[in-house]
Every structure is written in C-alpha cells, then in structure tokens.
Amino acid sequence: MAFDTLPGLFIGIGVSLLLLLYRSSRPVISELGQLPGNGHFAALDRHADSRRIPGLPPAAQTRVRDH
C-alpha cells in the first residue's frame, strides 16, 4: 500500500529470491531407520518404532530433503 505497483513488484521478487536462498541453504537432514514389519524406511526422529540398521554406517542412513 505504501509503494506503487512496479516498486512493489520488485520488492516482492526480491523477498521471494531471498527466501529461496535462505531455504535452500538449510536443507532438512534426517537419519533413517527401518520400520518393522514392512521394511520401509522412516525418519528416526519422527517415528519412534523405526530401528537403525546394524552394521550400516550412519552416513548411509541419512536423507537430505528440501522444504
């Protein structure tokens, strides 16, 4: 409301680009575990019943997910 149409458009584009850079620089990294019964993988911090796979290094059990 304080700006005209064109400056407001540029401000909106600038804020959107800044938010895109902020979110892409901080990905969500989850450690995965295997769910008993069906063998699917799920994040250990979200599913209490998922179990770590013995003998598999932790780096092989991580997943990077964007927002």
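Which backbone oxygen lies 2.8 Å from a polar atom of the side chain of serine 50? In this predicted model, that oxygen belongs to histidine 47, and the views below begin with the strands whose residues serine 50 touches.

**View 1. The hairpin of strands β1 and β2.** Strand β1, covering residues 28-34, runs antiparallel to strand β2, covering residues 41-43, and three bridges join the two. Glycine 33 has alanine 42 in β2 as its bridge partner. Six residues lie between the strands of this hairpin, in which glycine 37 takes a positive phi near 100 degrees.

**View 2. Surroundings of serine 50.** Serine 50 is placed in the loop between β2 and β3, the latter spanning 62-65, and with a relative accessibility of 5% it counts as buried, because the cut-off for that class is under 20%. Leaving aside residues up to four places away in sequence, serine 50 touches Gly33, Gln34, Leu35, Ala42, Ala43 and Leu44, so that its contacts include both members of the bridge pair formed by glycine 33 and alanine 42. A polar atom of the serine 50 side chain also lies 2.8 Å from the backbone oxygen of histidine 47.

**View 3. The salt bridge of arginine 52 and glutamate 31.** A search of the whole structure finds one salt bridge, in which the side chains of arginine 52 and glutamate 31 meet at 3.0 Å, N to O. Because arginine 52 lies in the loop between β2 and β3 while glutamate 31 belongs to strand β1, the pair ties together parts that are 21 residues apart in sequence. Arginine 52 is exposed, its relative accessible area being 55%, whereas glutamate 31, at 27% relative accessibility, counts as partly exposed.

Methods:
Residues are numbered from 1 along each chain as its sequence is written. This is a predicted model: local features need pLDDT of at least 70, side-chain atom pairs count only at pLDDT 80 or more; totals for chains, interfaces and linings use all residues. Side-chain values use heavy atoms; hydrogens and water are left out. Two strands pair if DSSP finds at least two bridges between them. Helices (H or I, at least four residues) and strands (E, at least two) are DSSP runs, numbered from the N terminus. Buried means under 20% relative accessible area, exposed over 50%, partly exposed in between (1.4 Å probe, protein chains only). A polar contact is a pair of N or O atoms within 3.5 Å; within protein, one must be able to donate a hydrogen and the other to accept it, and residues adjacent in sequence count only if both atoms are side-chain atoms. Contact means heavy atoms within 4.5 Å. A salt bridge is a side-chain nitrogen of Lys or Arg within 4 Å of a carboxyl oxygen of Asp or Glu.
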